[in-house]
Structures are given as C-alpha cells and as structure tokens.
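Me: Got a minute to walk me through this one? I'd like to start with how the helices pack and then get to the sheets.

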Amino acid sequence: MKRDYITAQLTAGLICFMLLLAACSSGGNSVNTSSSTAPPLPPTTEVQATPKPAGDSAFPVTIAHKKGEHTLEKRPEVIAVLDTKFVDQLVALKEQPAGSVTAAGSDKDFPAYLSDRLGDVKVLGTRDEPNLEALVQLNPDLILMTDFQEKVYDNVSKIAPTLVLDFNEDWRVTLNTMGKIMGKQKEAQDVQQAYENKVSKLKEQIAAKLGTETVALIRPRKEGIRIHTPKHRTGAILYNDLGLNTPPSVAKVDDTAYEISLEAIGEVGADHYFLLSDDMFAADVENLESTKTWKSLEAVKNNRVYKVESTLWIAYYGPIANDMIASQVAEALLGQR
C-alpha cells in the first residue's frame, strides 16, 4: 500500500506540473508591446551570431566589367590600379591602392592634391606603359584597368583577378563600382551627392553672370590645337555639370575632341578660353601665346584666357579632381575662391 501511495503522489505531482506549464505557455501569447523588457530568444536560437562590420556585409558581390563578371567573396586588401583616375576614386572613399601607375607620359609621383591623403603607394609605371614586373612584385589580390590598356590584359590577368572598366565611362558609374568593390556604396553615393549639390549651385551663378557668352577648352600639342567638346569627359563637367555655353563651331562636332591648326584658332570663336598646359606640352603653349594670331583674339585682349593644369583636368578623372575643376572654373569666371 505504501508503494501505491507513493505512486499516486508522484502521478498527482506530475499532472500539476504539466498544468502549470500549459498555463505559462498560453500566457506568452499576450505580450505587452509597450514593455521595455526584451522579447525572448526564438525557441531554436541559443547564441546570437556576432554582427558583421558594415563593409563585410556587402560581400560576396558580383562586379560586371568589359570581360564578363567577377565575384568578390570578400573585400580586397591589395589593389593595383592601372589608371590614375582610380586613385582619385579610392581616395574619395577614404581608401587607397597598394600600387598605381602615374599619369600618361609622366614618371613622377602622384599630384600634390592627393599627396597628403596617400600613404606608401608603389609606382607601377605609367598609364601608357604599365610596369608588369613591379605589378608581379606587388602581389595584388585585385587589379583594376581600362580597355585603353587592352594590349596588356592577357599578361596582367595572369597575375591576379582583373577588372576591365570602360575608359570613357562616366565617373559616377566608376565611383559606384568602387563603392561595391570596397563595400562602401553608401559612402560613394554621399560623395556624388556632395558634388551634384556644388555644381548645381555654381551652374546658376555662372548662368546669371555669363549669359550667352561661350567658353572653349583647348590644349595646344605638337600635332595641333586640340579642342575638347561636351562629349569629352572634362568637357562634360564644363558644359553639362556647370552649364557653360559651347561655341557653335565646337557644338557641331560629333566627337570627344578634334584638332585644328594655329591659323584656324580664330574660327573657334569663344568668348572665354580654358588653356590646358603641362610640362610635356609647355613649349607648344608658349609658342601659341607668342603668335600674332593668338594675341589678336578678343578673349586674349580682354584677359579671358585661364591657364589650367592638364594633368589635373584630364588625367585624374575622379570626384576629387572634378570638384577642384569646378572650383577653378568658379574662380576664373566668378572670382570665387
């Protein structure tokens, strides 16, 4: 009997425990959402995973380029770039390449406007002649180049995964690609928006001051005087972003640039000239400025010629350089510093 009594007690206790458990379970359906008490973990979760850093959460990411697609499983750590505009693009995102070529025709280091933002970046030759031996020694995990260097693609792509971007694509497209590569798409959008805000304001001010006056962008070279049109990458900054008026003779040309002789410079007919100059073509610029044909232009006689550095205006086609170009245009045409 004693055994039967104990068994009955255990059975009763078990029944009470099960009833109590059921009551607690049914009460869990009426959670007070205004309570500050944190909700319980999901029934199947015992340990929450540590959140990934914002940049890491962007990977893997697939990048489309001119040779197909490439998937980055993680953020690249050692990047080599074979066009100087990529340096500007990366620095704008507070990054930098491990190695880069310098501007076309120059074996010097990178320009002053980037020097205080760069650490130890290895020089990999020039844009026109990349140094493949230096590229191998760098041992990159990603290489960025453009179709301008198509002839070296086969050799370069054997060194590391290589993305080939369009040499003439809009810098905004390139910036978006850089944002994907570095896991910084939001930062890329912010950089672009800051530029758009700036040029939108300057566009209104320039229009109010210049009215219908026209502006030409020219570059004296040994082959002749090159005239850049709105289809050119820098021309797009001047004529599209800042709204400068194109001379009719330039507007009708369906190309990024064209060349004329010294004798034909008067046919451009601009009210203002931005004169591109650099060390390579300094003698050609001086030769132009010394001629009677040049001196006879109304823009020259009225001090409406503004000499600018062609490496910044042509080679470093990125948001930092473009912002500086906009500032230099504002200084020249509006007197703003």
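Reply: Sure. One thing up front for the helix angles: axes are lines fitted to C-alpha atoms, for helices over the stretch in contact, and angles run from 0 to 180 degrees between N-to-C directions. Also, this is a predicted model.

Me: Fine. So at what angle do helix 2 and helix 6 cross?

Reply: Roughly 60°, with the axes of helix 2 (residues 85-92) and helix 6 (residues 171-182) coming within 10 Å. Angles from 35 to 65 degrees are neither roughly parallel nor roughly perpendicular, so helix 2 is oblique to helix 6.

Me: Left-handed or right-handed crossing?

Reply: Helix 2 passes helix 6 in a right-handed crossing.

Me: And which residues meet there?

Reply: From helix 2 you have Phe86, Gln89 and Leu90, and they meet Trp171, Thr174, Leu175, Met178 and Met182 of helix 6.

Me: Why would residues three or four places apart point the same way?

Reply: That's general helix geometry: with 3.6 residues a turn in an α-helix, residues three or four places apart end up pointing the same way.

Me: Is helix 2 buried or exposed?

Reply: Buried: 8 of the 8 residues of helix 2 fall in that class, so the helix is largely enclosed by the rest of the structure. They include Lys85 and Asp88 as well as Phe86, Val87 and Leu90.

Me: What follows helix 2?

Reply: Lys94 follows helix 2, and its phi is positive, near 60°.

Me: Back to helix 6. How does it sit against helix 7?

Reply: The axes of helix 6 and helix 7 (residues 185-210) come within 7 Å and cross at roughly 155°. Anything over 145 counts as roughly antiparallel, so helix 6 is roughly antiparallel to helix 7. On the helix 6 side the contacts involve Trp171, Arg172, Leu175, Asn176, Gly179 and Lys180, which meet Gln185, Ala188, Val191, Gln192, Tyr195 and Glu196 in helix 7.

Me: OK, sheets. What's the strand order in the parallel one?

Reply: It's an open sheet of 5 strands in the order 5-4-3-6-7, with parallel pairing. Strand 5 (122-126) and strand 7 (162-165) are the edge strands, each pairing on one side only. From one strand to the next, the twist averages 20°.

Me: How many bridges between strand 3 and strand 4?

Reply: 2 bridges, with strand 3 (residues 79-81) and strand 4 pairing in the parallel sense. Ala80 stands opposite Gly99 in strand 4.

Me: Which helix packs on that sheet?

Reply: Helix 2 does, touching strand 3, strand 4, strand 6 (142-146) and strand 7. The direction of helix 2 makes about 125° with that of strand 6.

Me: Thr102 caught my eye. Where is it?

Reply: Thr102 lies in strand 4 (residues 99-102). Its relative accessibility is 0%, so it counts as buried. The C-alpha atoms of Thr102 and Tyr316 are separated by 9.8 Å, although the two residues are 214 residues apart along the chain.

Me: Now the other sheet. What's its order, and which strands are at the edges?

Reply: 5 strands form an open sheet ordered 10-9-8-11-12, with mixed pairing. Strand 10 (257-260) and strand 12 (305-309) are at the edges with a single partner strand each, so one side of each has no neighbour in the sheet. The twist averages 30° from one strand to the next here.

Me: How do strand 8 and strand 9 run?

Reply: Antiparallel, with 5 bridges joining strand 8 (residues 215-221) to strand 9 (residues 224-228). Pro220 stands opposite Ile225 in strand 9.

Me: What helices go with that sheet?

Reply: Helix 10 (residues 282-289) packs on the sheet, touching strand 8, strand 9, strand 11 (272-277) and strand 12, and its direction makes about 145° with that of strand 11. Helix 14 (residues 319-334) lies across strand 11 and strand 12, at about 135° to strand 11.

Me: Which residues touch the most other members in the largest nonpolar core?

Reply: Of its 58 residues, those are Ile181, Leu238, Leu244, Phe274, Trp313 and Val329. Helix 14 gives the most to this core, with 8 residues. A second, separate core has 19 residues, including Ile225 and Leu275.

Me: And the whole chain?

Reply: The protein chain has 14 helices and 12 strands, and buried residues make up 43% of its 337 residues.

Methods. Residues are numbered from 1 along each chain as its sequence is written. This is a predicted model: local features need pLDDT of at least 70, side-chain atom pairs count only at pLDDT 80 or more; totals for chains, interfaces and linings use all residues. Side-chain values use heavy atoms; hydrogens and water are left out. Two strands pair if DSSP finds at least two bridges between them. Helices (H or I, at least four residues) and strands (E, at least two) are DSSP runs, numbered from the N terminus. Contact means heavy atoms within 4.5 Å. A nonpolar core is a set of buried Ala, Val, Leu, Ile, Met, Phe, Trp, Tyr and Cys residues joined through side-chain atoms within 4.5 Å. Buried means under 20% relative accessible area, exposed over 50%, partly exposed in between (1.4 Å probe, protein chains only). Angles under 35 degrees count as roughly parallel, over 145 as roughly antiparallel, 65 to 115 as roughly perpendicular and the rest as oblique. A crossing is left-handed if the near helix is turned anticlockwise from the far one by less than a right angle, and right-handed if clockwise.
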